[in-house]
Amino acid sequence: MNLLLFSSTADTSFPNLVGLQHPGLAGMPTQLVCPIRENLAFTPLRVRIRWNGMDFIVACDLMRPINSAALKRIGELDHAASLKILTTFQLLLPSED
């Protein structure tokens, strides 16, 4: 699955959010998203990605719900970047270990 990229601002030239929710749940009133920026500090819970020739950091540790009406879809990530984000996000979830 390729994660969706959104903008929650009037500037839709690049994304500021990555959706973590399954696209089939797009009709819900809120979507789970992580911020994406060019200038975020890198940590073990953040992922470096490349989109349209630009480098970004996805802050998996700052996931939050946002009103779906505020989101403008502007693209999607490739499979490798999506998998890296989902794998990193899973580190935040409790396990039975």
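Is Ser7 buried or exposed, and at what relative accessibility? At 0% relative accessibility, Ser7 counts as buried; buried means under 20% relative accessible area, exposed over 50% and partly exposed in between, with a 1.4 Å probe and protein chains only.

This is a predicted model, in which local features need pLDDT of at least 70 and side-chain atom pairs count only at pLDDT 80 or more, while totals for chains, interfaces and linings use all residues. Residues are numbered from 1 along each chain as its sequence is written, and side-chain values use heavy atoms, with hydrogens and water left out.

**Figure 1. The whole protein, with one helix and seven strands.** Along the sequence the pattern is β-β-β-β-β-β-β-α. Helices (H or I, at least four residues) and strands (E, at least two) are DSSP runs, numbered from the N terminus. The radius of gyration is 13 Å, close to the 13 Å that the globule rule gives for 97 residues, so the protein is as compact as a globular protein of that length. This radius is taken over C-alpha atoms, and the rule is 2.2 Å times the number of residues to the power 0.38. The C-alpha trace spans about 40 × 30 × 20 Å along its principal axes. Of the 97 residues, 37% count as buried.

**Figure 2. Close-up of Ser7 in strand β1.** The side chain of Ser7 comes to 3.2 Å from the backbone oxygen of Thr9. Not counting residues up to four places away in sequence, Ser7 touches Thr12, Phe14, Asn16, Ala70, Leu71, Lys72 and Ile74. Contact here means heavy atoms within 4.5 Å.

**Figure 3. Close-up of Asn16 in the loop between β1 (4–7) and β2 (17–19).** Asn16 counts as buried because its relative accessibility is 13%. Its side chain and that of Ser8 are joined by a polar contact of 3.0 Å. A polar contact is a pair of N or O atoms within 3.5 Å; within protein, one must be able to donate a hydrogen and the other to accept it, and residues adjacent in sequence count only if both atoms are side-chain atoms. Beyond its neighbours within four places in sequence, Asn16 is in contact with Phe6, Ser7, Ser8, Thr9, Cys34, Pro35, Ile36 and Arg37.

**Figure 4. Contacts across the sequence of the protein.** Among contacts with a separation of 6 or more, 57% are accounted for by residues 24 or more positions apart.
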